[in-house]
Amino acid sequence: MAEEEGPSIELRQRKKPKSSENKESAKEEKIDDTPVPERAPKHVLFQRFAKIFIGCLAAVTSGMMYALYLSAYHERKFWFSNRQELEREITFQGDSAIYYSYYKDMLKAPSFERGVYELTHNNKTVSLKTINAVQQMSLYPELIASVLYQATGSNEIIEPVYFYIGIVFGLQGIYVAALFVTSWLMSGTWLAGMLTVAWFIINRMDTTRIEYSIPLRENWALPYFACQIAALTGYLKSNLNTYGERFCYLLMSASTYMFMMMWEYSHYLLFLQAISLFLLDNFSLEQSDKVHEVYKIYIFSLFLGYLLQFENSALLVSPLLSLVVTLMLVKCLQLNVKKRTFVAKIMKFINFYLVCTLTVTLNIIIKTFVPHKENGHMLKFLEVKLGLNMTKNFTMNWLLCQESLQAPSQEFFLRLTQSSLLPFYILVLIICFLSMMQVIFRRINGESLEETVTLEDGRIGERPEIIYHVIHTIFFGSLAMIIEGLKYLWTPYVCMLAAFGVCSPELWTTLFKWLRLRTVHPVLLALILSMAVPTIIGLSLWKEFFPRLMTELTELQEFYDPDTVELMTWIKRQAPVAAVFAGSPQLMGAIKLCTGWMVTSLPLYNDDDLLKRNENIYQIYSKRSAEDIYKILTSYKANYLIVEDAICNEVGTMRGCRVKDLLDIANGHVVCEEGDKLTYSKYGRFCHEVKINYSPYVNYFTRVYWNRSYFVYKINTVISFQS
């Protein structure tokens with residue numbers, strides 16, 4: 001028996017070295033298959049080095065040029081360098097004003113430690129409320145910017161505002177460069193990267209919100225997400241060497257953590273990415289180990305973020321952690337079953353079912369034991385948005401009326417079509433998706449697939465990075481079709497995927513293999529089209545859109561808002577330092593930045609208490625009595641009330657979406673559904689009545705300042721009821 005077992009063991013051991021020998025011989029053939037073995041390696045290495053050098057130079061140049069373009073456009077749009085500090089600060093609107101105000105506070109602090117303490121125990125922003133501003137508003141970008149500004153000695157060279165917006169513009173340059181590299185990695189040519197950048201800039205109205213609001217969290221976070229996707233794309237490639245894998249893994253780890261630190265909603269995007277990788281793991285068995293290494297990065301980033309973000313429980317109860325832990329657990333329980341058998345197919349369905357059920361179960365268990373703030377308003381919003389529920393709640397209806405939360409408009413698709421982006425994206429997506437489905441059905445049917453796919457094979461759907469990006473773009477595209485604001489996540493990758501496709505000979509070969517061309521060799525025609533099509537697209541874009549971009553840079557615009565400047569000047573000169581102001585959340589953000597005075601509410605929508613405050617303060621535009629408004633304002637210790645004429649006399653394009661209409665619906669002063677009872681209010685609209693200066697309004701409120709846009713009233717502490 002021992003003699004019979006010996007040869008069988010030897011045969012099994014010979015198979016591994018045989019395959020490794022084949023791989024080594026294949027590598028040697030690539031190098032030695034030339035008539036002159038000594039000169040060929042140098043020639044090949046030089047070509048590769050030149051290609052990589054030119055591509056990297058083009059990527060860096062594209063990023064720098066885009067950052068310089070944004071800086072020049074911002075200067076022309078606001079005439080920024082010729083403005084006083086107050087006028088510059090007014091250009092930060094809404095929540096952007098809040099973020100920049102905390103950056104100013106950090107620079108004014110005597111030390112970094114003291115500044116962080118004051119932000120984490122902040123009781124000087126919102127009346128009667130102490131908040132951890134760093135955690136609640138994700139102020140890590142401001143902390144980093146303030147440290148860099150002081151550590152680099154920039155305070156002697158550049159003004160704080162220029163340093164701040166300069167960092168954001170620089171990150172946008174990195175964003176574009178990362179998209180360039182991703183498209184280059186997928187197509188094999190840096191021409192795809194150039195086309196990606198061109199489409200991104202031309203469609204920047206739909207690819208980024210940097211022009212409208214510089215300090216937004218997404219403008220800080222998405223460049224890191226783009227770097228993470230570029231590193232992930234390289235990491236998933238089958239022909240990557242060991243050093244390349246290590247570099248991509250380290251870059252992916254760093255960018256994943258930074259992305260999670262910069263934006264409170266980042267773990268939701270990473271959750272969608274994890275689902276994409278899970279599906280890739282099911283479709284592409286060879287990449288299973290790599291995919292699970294990415295899961296480890298998620299777990300590490302989540303727990304490190306939890307510790308450094310003041311034990312942020314939102315990361316522990318996030319669906320990302322539940323999914324990744326479940327996937328790791330299922331991986332450990334997986335049985336070694338022979339591939340492409342009936343049992344293997346059954347096991348795949350069982351694994352899929354286990355992952356879905358265990359993820360939901362684990363998330364429920366974690367939420368039961370981990371104290372956390374439930375985002376109830378987000379769940380209610382999704383219910384109403386998807387038509388699963390109806391509501392009269394002011395906050396929910398106000399959010400539904402926001403343009404960024406509406407379904408995409410026809411103009412959005414028209415703009416993408418005019419730049420030729422959408423037609424090519426649809427073509428590329430269809431070819432990649434069908435090729436991917438072809439591969440999946442082959443695997444289900446038990447067909448063996450080749451380890452290496454050549455250009456002549458025309459099977460682009462077998463590449464793991466392509467499968468990932470197809471699933472990724474379908475997920476993001478589905479979200480963008482529901483909420484227009486999410487187009488800023490999807491459209492940049494539309495540019496990248498479309499550019500990759502038209503520049504990829506492999507994609508054209510896949511198409512021609514299906515069409516069964518006989519007159520021309522498919523590979524030859526694919527190589528010609530992969531150069532000709534992007535060249536033609538680039539020339540047409542240059543001819544049509546380049547003059548427009550140059551015109552934007554030459555035209556001098558001006559941000560002119562004298563009424564707001566006058567209001568802020570009056571507050572700084574006349575109002576007591578301890579005064580508390582009440583008004584619309586957007587205006588309160590500007591007051592906090594420009595004056596530093598305390599306010600009753602903020603333009604933030606991730607906190608239930610702030611949302612309730614906003615709704616109560618907005619009652620100044622409803623049909624409520626002077627006594628009711630007085631009680632609301634004094635409950636928040638407000639000293640001054642600011643009424644905005646633009647809201648009081650708003651003429652909205654969408655009927656029912658004006659603030660006063662939404663308040664009337666919430667208060668039951670109008671009929672919005674059949675069967676509802678109409679409650680007539682015996683009071684006029686407060687913002688109108690208080691301007692007339694008659695009793696009882698003058699008993700509670702005294703007008704102390706007004707201009708064309710704003711009316712400021714002092715809230716009387718001693719009430720006189722003399723008519």
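What follows is a short chat about cavities and one strand pair in a predicted model.

Me: What should I know about the model before starting?
Reply: The model is predicted, so local features need pLDDT of at least 70 and side-chain atom pairs count only at pLDDT 80 or more, while totals for chains, interfaces and linings use all residues. Residues are numbered from 1 along each chain as its sequence is written, and side-chain values use heavy atoms, with hydrogens and water left out.

Me: How many cavities of 30 Å³ or more are there?
Reply: The structure holds four of them, a cavity being a set of points on a 1 Å grid over the protein atoms alone where a 1.4 Å probe fits but cannot get out. Points are joined across faces, edges and corners, and a volume is the space filled by probe spheres set on them.

Me: What is the volume of the second largest cavity?
Reply: The second largest cavity has about 60 Å³, and among its lining residues, which have an atom within 4 Å of a point, are Phe 394, Trp 398, Gln 586 and Tyr 618.

Me: Which helices each supply at least two residues of that lining?
Reply: They are H19 (394-401), H27 (585-594) and H28 (608-617), where helices are DSSP runs (H or I, at least four residues) and strands are runs of E of at least two, numbered from the N terminus.

Me: Changing topic, how do strands S4 and S5 pair?
Reply: S4 (residues 701-706) and S5 (residues 710-715) are antiparallel over five bridges, and pairing requires that DSSP finds at least two bridges between two strands. A hairpin of three residues joins S4 to S5, and Trp 706 stands opposite Phe 711 in S5.

Note on methods. On a 1 Å grid over the protein atoms alone, a cavity is a set of points where a 1.4 Å probe fits but cannot get out, and a pocket is an open set with protein on both sides within 12 Å along at least five of seven lines; lining residues have an atom within 4 Å of a point.
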